[in-house]
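Open the model in your viewer and keep the selection tool at hand. The stops below say what to select and what is there.

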Amino acid sequence: GRGAARVELPTYAFQKERYWLDAGVSAGDMASAGLELAGHPLLGAAVELPDSGGFVFTGRLAVSTQPWLADHLVLGSVLLPGTAFVELAIRAGDQVGCDLLDELTLEAPLVLPERGGVQLRLTLGAADGSGSRALSLHSRREDVPAEEPWIRHATGLLASGAQQPAFDLGEWPPAGAEQVDIDGLYEGAAGVGLDYGPVFQGLRRAWRRDGEVFAEIRPAVDGRALDGTPFGLHPALLDAALHGVGLGGLVRDADQDAGRARLPFSWGGVRLHAAGASALRVRLAPAGSDSVSLELADETGRAVASVDSLVLRAVSAGQLRSAQGAFHESLFRPEWVALPAGAASEGGRWALLGADAEVLGDLGRNVEAYPDLAALAASGDVPDVVLVPRLASAAQGTDTAAAARTAVREALELVQSWLAEDRFTDAQLVVLTRGAVATAADADVTDLVHAPVWGLLRSAQGENPGRIVLVDLDGDGGSARALPAALASSEPQLAVRQGTSHAFRLARVPARPEEAAEAAEVEGAVFGPSGTVLITGGTGALGALVARHL
C-alpha cells in the first residue's frame, strides 16, 4: 500500500517480555462467608471452632500461584519444603498466642502437581492446662474424587514461653572462623536429587570454627533480593540456611550417607524472634549424632530465629511417588456407578422396532411395535422413545467375527437413517443389548457379537448428544421393568443389573501401596532389543511418534 516503508528486523530471536501484573489468587470477600483472612501468602482463611476453641486454617498450594515453589525439586518432584511446614505452624501459633513451636514431625512429603493445586488444612486443637495446642497439617489434591482421604503430612505441638535470644551474630565473619569453599555445593546436591532452583540457592559464603559452620544466606529472585516481608521467615531463606549441613562435619549420619538426599524430619524448640527477614547470618552446631541446632540473625546481627534441634532423614523416589495421592494423576478406567432409585417417567409414547414387546419381558408400560424404522416413518407417528433390541440369538451361528461385522453394519445403517430423519430430532433412539458390556472386573461379556456396537454408537453419541441412548440389560426379569426409570435418569449409557441402573463413568485408577516399590524395581528398565512391542493405532501421528521413540 501507499506510504509503506521497509524496516530492519532484529537479527536475534524476539525478546519476549511479560507485562501482566502477577496478582495471584484473590481471596474474595471472606467476611461475607463468615471467615477470617489468614493474612499469609500460603493460607487463605482461618476459622475458629466454637465448641473446642480450636482453629482450622485453609489454603491452596500450586506452582501456578506460588511459582517459587517450583525451585524446590527433589528427585524429580516439586516438594513443599519442610521449612514451609515450620512457617505455617508459626503463623498458626501467632493466631492463638503460642510463640514456641515445641515440636514438629513430618510424616509424609507434600508433592505438588504439575497442573492444578492441593487443598491445605492446618488444624489446631484446644489448649490444654499449660496453654499448649496440638497441630496437624493435611492436604488433598483439588481435582480428586471426594472419597480420596486427606493425607496427614505433619503433627506437632505449639506452646508459650519462648525465651529471649541470647546469641549475637553482630561480628561477621566470626573471629577465628576459616572460610569454606562452597564451589560445587549445589551441583553436588543436584547429583543426589536435590535440584534447587535460583530461589533456593541462597548460600553465598560459609566459614568453619571448632565444629560449627557459619553461613551467609542471600537468596535472589530474577537478580533481585528475596522479599521476605510477607512471611514470618521465608521458607526458601530457612531452607538455604540448612544447606550448610551439606558442607560436612555437623551431622555424623549425614556425612556417612552423603550419597542420598536428606530432608528435614523433626524440628524441636523453634522460636521466631523477628519477622520479614530477606537475608540471614546462620550459626549451625551439632546437637547430637543425627541433629543440628541453628541460630539465625539478619544482616545487622539482630536475632531472627532459633532452632534447638533439627533431625534430617534420607528420602527416596519411591516415597515421593507413594505420597502423590491414592489415585493416579492422569490414568483413568471405566466404572459403572450405581444410580439411586428414581421414579419412572409416566408421560411419552414408546415404540419398539424389529421385535415383539415380549422379547424384552414386562416393561411396565404399553409399547407399539413396528417391523423397522421405515415402517415407523411411514406411519407418521413420532414416539418419544424408540427401542431397538440388539440381542444375541442362536441364528448368529458360530462365526462370531462375521456376526459382529454384520451387527456393526446394521447398527451403522440404522443410526444413519435415524439421524437423517428430521421428524425424529426430539425423539430418543434406545439401543438395547444383553451382556454386551461388563460392569465389574469379574463380570463376563457374554454377547461378543454386539459388544462392538457399543463402540460404534459411543462415537455417534459424541457427535449427536441427546439423540442416542445405549442400555445393556441382564437376564433378570426386574431389569426390563426398571428400564423406564433408567431412561428417566437422562444418562447416555446405562447398564441395568438385577433391576439396578448403573451409569458409565471415567474414574481415576487407585494407586496401590505396592506400586511405589514396583516402580522402584523397574526404574531404569528398558525394552530388550530382541523383544516385540505392540502399538495399537500405530498409523496415526501419536503412534508413529511412539514407534520412532522405541
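## Salt bridges

Across this predicted model, the count of salt bridges comes to 18. Side chains of opposite charge can pair when their charged atoms come close. For one example, select Glu212 and Arg283: their side chains form a salt bridge, with 2.3 Å from N to O. Now show the strands around this pair. Glu212 belongs to strand β14 (residues 212-217) and Arg283 to strand β18 (residues 280-286). The two residues are 71 residues apart, so this salt bridge links distant parts of the chain.

## A hairpin

Next select residues 36-40, which are strand β1, and residues 43-48, which are strand β2. The two strands pair in the antiparallel sense over 3 bridges. How many residues does the hairpin use to join β1 to β2? The hairpin joins them through 2 residues. To see one facing position, select His40 and look across to Leu43 in β2, which stands opposite.

## An open sheet

Move on to an open sheet of 4 strands, ordered β7-β5-β4-β12, with antiparallel pairing. Which strands are at the edges? Select 111-112 for β7 and 194-196 for β12: these are the edge strands, and each pairs on one side only. Then add strand β4, residues 72-74, which pairs with β12 in the antiparallel sense over 3 bridges. Within this pairing, Leu73 stands opposite Asp195 of β12. In a regular strand the side chains alternate between the two faces of the sheet.

## Two packed helices

Select residues 400-420 for helix α7 and residues 451-463 for helix α8. Two packed helices are described by the angle between their axes and the distance between the axes. Here the angle is about 25° and the axes are 9 Å apart. Angles under 35 degrees count as roughly parallel, and therefore α7 is roughly parallel to α8. The crossing of these two helices is right-handed.

Show the side chains at the contact. From α7, select Ala404, Ala407, Val408, Ala411, Leu412 and Val415. From α8, add Pro452, Val453, Leu456, Leu457 and Ala460. What kinds of residue make up the contact of α7 with α8: nonpolar, polar or charged? The residues divide into 11 nonpolar, no polar and no charged.

## Two backbone details

Most residues other than glycine have a negative phi, and most peptide bonds are trans. The last two stops depart from this pattern.

- Select Trp172 and Pro173: the peptide bond from Trp172 to Pro173 is cis, with omega near -5°. Pro173 is in the loop between β10 (151-159) and β11 (178-180).
- Select Asp210: this residue is not a glycine, yet its phi is positive, at about 50°. Asp210 is placed in the loop between β13 (203-209) and β14.

Terms used: Residues numbered from 1 in each chain as written. Predicted model: local features only at pLDDT ≥ 70, side-chain atom pairs only at ≥ 80, totals over all residues. Heavy atoms only, no water. Pairing = 2+ DSSP bridges. Axes fitted to C-alpha atoms, helices over the stretch in contact; angles between N-to-C directions. Parallel < 35°, antiparallel > 145°, perpendicular 65-115°, else oblique. Left-handed = near helix turned anticlockwise from the far one by under 90°. Contact = heavy atoms within 4.5 Å. Nonpolar A, V, L, I, M, F, W, Y, C, P; charged D, E, K, R; others polar. Salt bridge = Lys/Arg side-chain N within 4 Å of Asp/Glu carboxyl O.
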